Amino acid sequence: MTAPARERPVAARSTHGALAVALHDVQPATFERSALIRDWLYDLGVEKVTLLVIPAPELHPFFQRSPELAAWLLDRRDGGDAIAMHGLQHRRTRPPRPLARPVREFQGGDATEFPGLDEDATVACLDAGRHVLEIAGVSPRGFVAPGYAYTGALREHLADRFDWWGTLLGVHPRTSIAPALCLGTTTAFKRATSPALLRAAAALSGRLLRLDLHPADFEHPSHVHAVEAVLRRAHRRAAVTYDDLC
């Protein structure tokens, strides 16, 4: 008996391509802003978003600190958004190897949680974070490492636990190369240059336009204007989540 053909990803079916917006760093400390951003995106026609949730900031399960966030995530999931795991606590606990430190600092500094962890600690973080999200009723299909900082041990154990994982260059294992476009807020140079770079990169995007947003982006009017311009230009693309792509 021949197995049924797997449905093509949404990005391949849409005439005008697809738009995948991922909102990073969703946690109790950013809940109010994250909810406002999500409403703003909906007003701009983005019907689906991937919400990257930090399960246990400072090792406190997010739903204990903010039951309101847990309820909101359930509502957003029922409304079509995808919930993904974004590390465990989104904070470095062990230093990376000396030769890797410059790269890890560039990727996200203290937020790069997995470089420096051995295999046992990596597995413990993955299982703990997934367990927290499952208790909250938002079992994740996917995973995105903080700062896109992956390690060999992390990659080895993702396929057994998740349907997909997002990297800087794509959503694995299904999509072809599709870089994640984001803004910079950590230095004056990034704040000054990243809005123009975002607009240019979005204009050159292929069938899948990936747009990464962080709550901190919305502290800067130039960043907000750039994101709004990109979204208005992409209004004919089909809004998808990373779950849809895989």
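Here is a short tour of this structure, from the whole chain down to two patches on its surface.

**Stop 1: the whole chain.** Before you click on anything, keep in mind that this is a predicted model. Colour the chain by secondary structure and you can look for 10 helices and nine strands. How much of the chain is buried? Buried residues account for 52% of the 246 residues. Now switch on the surface: the chain exposes about 12,100 Å², and 55% of that comes from carbon and sulfur atoms. Contacts are worth a look too. Take those between residues at least 6 apart in sequence: 71% of them join residues at least 24 apart.

**Stop 2: a charged patch.** Select Glu119, Asp120, Glu156 and Asp160, which gather in a patch of negative charge on the surface. Then zoom in on Asp120, one of this group. Where does Asp120 sit? You'll find Asp120 in helix α6, which covers residues 119-135. Asp120 has a relative accessible area of 64%, so it counts as exposed, because the cut-off for that is over 50%.

**Stop 3: a nonpolar patch.** Next, select Leu168, Leu169 and Ile177. These residues make a nonpolar patch on the surface, and together they have about 320 Å² of accessible area. Pick out Leu168 and follow the backbone on either side: Leu168 lies in the loop between β5 (164-166) and β6 (171-172). Is Leu168 exposed or partly exposed? Its relative accessibility is 43%, so Leu168 counts as partly exposed; that label covers values between under 20% for buried and over 50% for exposed.

Terms used. Residues are numbered from 1 along each chain as its sequence is written. This is a predicted model: local features need pLDDT of at least 70, side-chain atom pairs count only at pLDDT 80 or more; totals for chains, interfaces and linings use all residues. Side-chain values use heavy atoms; hydrogens and water are left out. Helices (H or I, at least four residues) and strands (E, at least two) are DSSP runs, numbered from the N terminus. Buried means under 20% relative accessible area, exposed over 50%, partly exposed in between (1.4 Å probe, protein chains only). Contact means heavy atoms within 4.5 Å. Accessible areas come from the Shrake-Rupley method with a 1.4 Å probe; for residues, only the protein chains shown count as cover. Patches are made of residues with over 30% relative accessible area and no salt bridge: like charges are joined within 9 Å, nonpolar side chains (Val, Leu, Ile, Met, Phe, Trp, Tyr) within 5 Å. A salt bridge is a side-chain nitrogen of Lys or Arg within 4 Å of a carboxyl oxygen of Asp or Glu. Lys and Arg count as positive and Asp and Glu as negative; His and the chain ends are not counted. The place of a charge is taken as NZ of Lys, CZ of Arg, CG of Asp or CD of Glu.
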